[in-house]
Each structure stands twice: as C-alpha cells, then as structure tokens.
Amino acid sequence: MAEDPYKTLGIARDASPEAIKAAYRKLARKHHPDLNPGKPEAEARFKAVSAANDLLSDPEKRARFDRGEIDAEGQEQRPAGGYRHQAEQPQGEKYGARYGQRPEAEVFEDLFADIFEQRRRAETGPRRGRDESYRLAVPFLHAVAGATETLTLPDGRSLSVKIPPGVESGQVLRLRGQGGPGRNGGPAGDALIELDVASDKLCRREGMDLHLELPVSVQEAVLGGPVLVPTPGGPLRVTLPAGSDAGRQIRLRGKGIAAHGKREAGDLFLTLRIVIGTADEALKAFLRDWKPEHPQDPRAGLEASA
C-alpha cells in the first residue's frame, strides 16, 4: 500500500496548492531518474513523489482522499457513489498517471535549466588538463637497478623520469601535473609514461632473480680464483671454484633485483661460459704434449643415454 501522500511530500494536511507544488518540484528534482542513473531507489522514490503529487494537486482527488473515499493509490474505498463518479470521468482521467503531464513538464524544464547551468559552469569554470601518454625505452640494467631517464616530448619539453629499481615492460609511471595544461585556472593533467625495457645479451630476468652468463677463460675455469662480476649494485669480486666446467651455476643471494617497497631483493645466478678465444702457440703446444694423469672422456654417458 502506498504511504500517505502528505507524508511522501513532507507537507501538512492543510498545505496550500503552492506548498504542494513546491514540495513536489523539490523532491522530483532530487530523485529524478535522469539525475540518478543506476539508482533504482531514486526512481522508486520519484514515482512515489509523482503519485502523491497527482493525487494532492487535483482538488477533487485530494478532497476525496481527505474524506476517505479513495486511498493513496486512488483506489475506491467505498464502491457506492465514488466508483460511479470515477467511472464517469473522461478517458485518461479515470486513473491518474503516475507522472502528471503538467507537473512533469515543469520538472523537465527545471532539469534542463539545471543541466544547461551545469554545462555553462563546466565550460567557464576551472578545468583539469588532459592526461598525456608517452612511451620510454629503458636499458635493461637501468630497469634492474633504477635510474633517471630523460624523455623529450613532441613539443620539445624534456621530462626527467625517475625509474625505480625492478620496473618491467608495460609498467606505467604517472608524472603528476606534466600532462596537458588546465583551462580557466584548472590544474594540468598528468603524463603517463609506459616503459619499454630492453633485453640484454647476457642477462635475463625471472621475477626478482637475475640470470647472467658469465664468460670465463680456460685458465680461470681450471685454476679458479677471483673475478669481477657486474651486479645491479656495482662490480662484485667473486671467487670461482677451481675446475669449474662450462654451465656451472653460482648463486649470489640478494644480488638480483634490489629490494623495492614490499618486495625483497632477488638473487643473481651466474652460469659459467668458457671462452677460449684465439689460443696462443704455447697453449696449443702444451695441450699437444699434455698427458693427463687421470684421463676423462667428457662425452662419457652420452652413449648410455642415447
């Protein structure tokens, strides 16, 4: 059952027609579906307000409601007399429309006036500038360790872009206030920088870990000893075990992608790659005359697995 139309409009029972109209226009403007898209509760409220106004803005209906002859929905409470009267009304006036023609037109006039006013204010008031999108190529090691890159914009301006350690391709950095200029005193938009991280010939990334193919000489592989290894934190002296074969892996904990935010530092995995290069005559002569005490076949086991 619909609630009391006086209560719906928030007015007293002796409210004047002007007070009824004012209350309706205020509530209709507040709850109109066009101003509340996606809010079914507002639409329901608008319908209730419209129905209440239909009843109370009609002097005859209002009088019959006040006498208890019809309810808040306009339904007859006493069939005799009242029903006959209603049945004799012209077509279209027997039952009030949920949205009265004249009041709704007035509401729409107000709504359009409000919309035009909002547009006028939007066009003349402060407006934020547009966000501008750019792409920035970042060297692999700069993406790993973090760096500051310079981005030249189409208009000739240069932006200094601070690259945090561990960024990846596709990641977007936002530089606030570096986008399009604002209008009428509004703030500038932001610059959105999409990063394009280059690949590296020797190093690749897996999550926060780095994998580096470390070239070593035959002498370093056989005798072992200290070598300098590039890491995101700078060159690091690493002692190779004597007798290291090609493909041997050495793990350096915490030497991968640097810790950033809530992410812990990754590890750096070194995979040895023996580089012979141009062998000199002394090495060739040595190898020709070399008689190992414990000869080993480096291909032993291939037959068994073939």
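**Exercise 1. Find isoleucine 274 and work out its surroundings.**

Start with the strand: isoleucine 274 sits in E11, which covers residues 268-275. Keep in mind that you're looking at a predicted model.

Next, is isoleucine 274 buried or partly exposed? Its relative accessibility is 32%. Buried would mean under 20%, and exposed over 50%. Isoleucine 274 therefore counts as partly exposed.

Now look for its company on the surface. Isoleucine 274 helps make a nonpolar patch of about 440 Å², together with Val218, Val222, Leu223 and Ile276. Which helix gives the largest share of this patch? That's H8 (residues 218-223), with three residues.

**Exercise 2. Follow the strand pairings from E6 through E7 to E11.**

Begin with E6 (residues 203-206) and E7 (residues 209-217). These two run antiparallel and are joined by four bridges. To check this pairing on screen, pick arginine 204 and look across to E7, where histidine 211 stands opposite.

Then look at the turn. The hairpin of E6 and E7 has two residues between its strands, and glycine 207 takes a positive phi near 65° there.

Now move on from E7 to E11. How many bridges join them? There are eight, and here the strands run parallel. For a landmark, find leucine 212, which faces leucine 270 in E11.

**Exercise 3. Find the residues that touch the most others in the largest nonpolar core.**

First, a bit of background: in soluble globular proteins, nonpolar side chains tend to be buried together.

The largest nonpolar core here has 35 residues. Which two of them touch the most other members? They are Ile193 and Leu270.

Zoom in on leucine 270 and skip anything up to four places away in sequence. The residues touched by leucine 270 are then Leu212, Leu214, Val229, Val238, Arg248, Gln249, Ile250 and Leu252. You've already met one of these, Leu212, as the residue opposite leucine 270 in the strand pairing.

There's also a second, separate core. It has 17 residues, among them Ala15, Leu56, Ile70 and Ala72.

**Exercise 4. Compare the settings of leucine 9 and alanine 188.**

Step one is to place them. Leucine 9 belongs to helix H1 (residues 5-9), while alanine 188 is in the loop between strands E4 (172-175) and E5 (191-197).

Step two is accessibility. Leucine 9 has a relative accessible area of 4%, so it is buried. Alanine 188 comes out at 29%, so it counts as partly exposed.

Step three is contacts, leaving out neighbours within four places in sequence. Leucine 9 is in contact with Ile20, Ala23, Tyr24, Leu27, Val49, Ala52, Asn53 and Leu56. For alanine 188, the list is Arg128, Gly129, Gly177, Gly179, Gly180, Pro181 and Gly182.

Step four is distance. Alanine 188 and arginine 130 are 58 residues apart along the chain, yet 7.2 Å separates their C-alpha atoms. Leucine 9 and alanine 22 are 13 residues apart, with 9.5 Å between their C-alpha atoms.

**Exercise 5. Sum up the whole protein.**

Count the secondary structure: you should get ten helices and eleven strands.

Then turn to burial. What share of the 306 residues counts as buried? The figure is 32%.

For contacts, take those with a separation of 6 or more: 51% of them involve residues 24 or more positions apart.

Finish with the outside. The accessible surface comes to about 20,100 Å², and carbon and sulfur atoms account for 52% of that.

Methods:
Residues are numbered from 1 along each chain as its sequence is written. This is a predicted model: local features need pLDDT of at least 70, side-chain atom pairs count only at pLDDT 80 or more; totals for chains, interfaces and linings use all residues. Side-chain values use heavy atoms; hydrogens and water are left out. Buried means under 20% relative accessible area, exposed over 50%, partly exposed in between (1.4 Å probe, protein chains only). Contact means heavy atoms within 4.5 Å. A nonpolar core is a set of buried Ala, Val, Leu, Ile, Met, Phe, Trp, Tyr and Cys residues joined through side-chain atoms within 4.5 Å. Patches are made of residues with over 30% relative accessible area and no salt bridge: like charges are joined within 9 Å, nonpolar side chains (Val, Leu, Ile, Met, Phe, Trp, Tyr) within 5 Å. Accessible areas come from the Shrake-Rupley method with a 1.4 Å probe; for residues, only the protein chains shown count as cover. A salt bridge is a side-chain nitrogen of Lys or Arg within 4 Å of a carboxyl oxygen of Asp or Glu. Two strands pair if DSSP finds at least two bridges between them.
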